[in-house]
Amino acid sequence: MSDRYPLTVENETTAVAAPVEPAPAKPPLATPLTLEEIETVKQRIVEALYKCFDPEIPVNIYELGLIYEITIAPTGAVEIKMTLTSPGCPVAGTLPGDVQRRVLAVEPVTSAKVDVVWEPMWTPARMSEAAKLQLGIDDY
């Protein structure tokens, strides 16, 4: 074996979510968002997240309960706190970036920051009733 082609480590059991690279911010808003506008933007963000799926589970990440918090500033800056189904989740390196791109596509969002958190730990109890029904889970 040469130094150019090292062996991959196969005994690692947990993946660490890759930090989400900051996306370029959009121009600032001409006027700050009102509380009503912030609530409308939040609804649009949730709608965008309904189109984002963990590829191993046929339920969107919002209904799975992976989104813990959505904070929207009057400036249009959005911060998302989310988790993954497990620390070893195969999409740990891509799902947060996908969330960031979807949130940035919502008007009038000017910037989006996604933080992957591990507390509280995700459990199936965090899923919506619709997600539990879709997956045939009824004991949580």
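## Exercises on a predicted protein chain

In this predicted model, residues 24 or more positions apart in sequence supply 67% of the contacts in the protein chain that have a separation of 6 or more.

**Exercise 1.** State how many helices and strands the protein chain has, and in which pattern they follow one another along the sequence.

*Solution.* Begin by counting the elements: the protein chain holds three helices and three strands. Then read them along the sequence, which yields the pattern α-β-β-α-β-α. To complete the overview, add the surface terms: 36% of the 140 residues count as buried, and the chain exposes about 8,900 Å², of which carbon and sulfur atoms supply 56%.

**Exercise 2.** Determine how many residues of helix 2 are buried, and which elements are among those that cover them.

*Solution.* Helix 2 spans residues 95–104, and eight of its 10 residues are buried, which leaves the helix mostly covered. Next, name the buried positions: they are Leu 95, Pro 96, Gly 97, Asp 98, Val 99, Gln 100, Val 103 and Leu 104. Finally, look for the cover over these buried residues, which includes helix 1, strand 2 (77–82) and strand 3 (111–116).

**Exercise 3.** Decide whether Asp 54 is buried or exposed, and describe its surroundings.

*Solution.* Locate Asp 54 first, in the loop between helix 1 and strand 1. Its relative accessible area is 2%, and because the cut-off for a buried residue is under 20%, Asp 54 counts as buried. Now list its contacts beyond the neighbours within four places in sequence: these are Val 59, Ile 61, Leu 64, Thr 85, Cys 89 and Val 91. For Val 91, the separation from Asp 54 is 37 residues in sequence, whereas the C-alpha to C-alpha distance is 7.3 Å. As a last step, consider the polar atoms of the Asp 54 side chain, one of which lies 2.9 Å from the backbone nitrogen of Glu 56.

**Exercise 4.** Establish which side chain of opposite charge is nearest to the buried Glu 63, and how far away it is.

*Solution.* Glu 63 is placed in the loop between helix 1 (35–49) and strand 1 (67–72). The nearest side chain of opposite charge is that of Lys 132, at 10 Å, and because a salt bridge requires a side-chain nitrogen within 4 Å of a carboxyl oxygen, Glu 63 has none although it is buried. Then turn to uncharged partners: a polar contact of 2.4 Å joins the side chain of Glu 63 to that of Tyr 50. Tyr 50 also appears among the contacts of Glu 63 outside its neighbours within four places in sequence, together with Arg 126, Met 127, Ser 128, Ala 130 and Ala 131.

Conventions: Residues are numbered from 1 along each chain as its sequence is written. This is a predicted model: local features need pLDDT of at least 70, side-chain atom pairs count only at pLDDT 80 or more; totals for chains, interfaces and linings use all residues. Side-chain values use heavy atoms; hydrogens and water are left out. Helices (H or I, at least four residues) and strands (E, at least two) are DSSP runs, numbered from the N terminus. Buried means under 20% relative accessible area, exposed over 50%, partly exposed in between (1.4 Å probe, protein chains only). Contact means heavy atoms within 4.5 Å. Accessible areas come from the Shrake-Rupley method with a 1.4 Å probe; for residues, only the protein chains shown count as cover. Lys and Arg count as positive and Asp and Glu as negative; His and the chain ends are not counted. A polar contact is a pair of N or O atoms within 3.5 Å; within protein, one must be able to donate a hydrogen and the other to accept it, and residues adjacent in sequence count only if both atoms are side-chain atoms.
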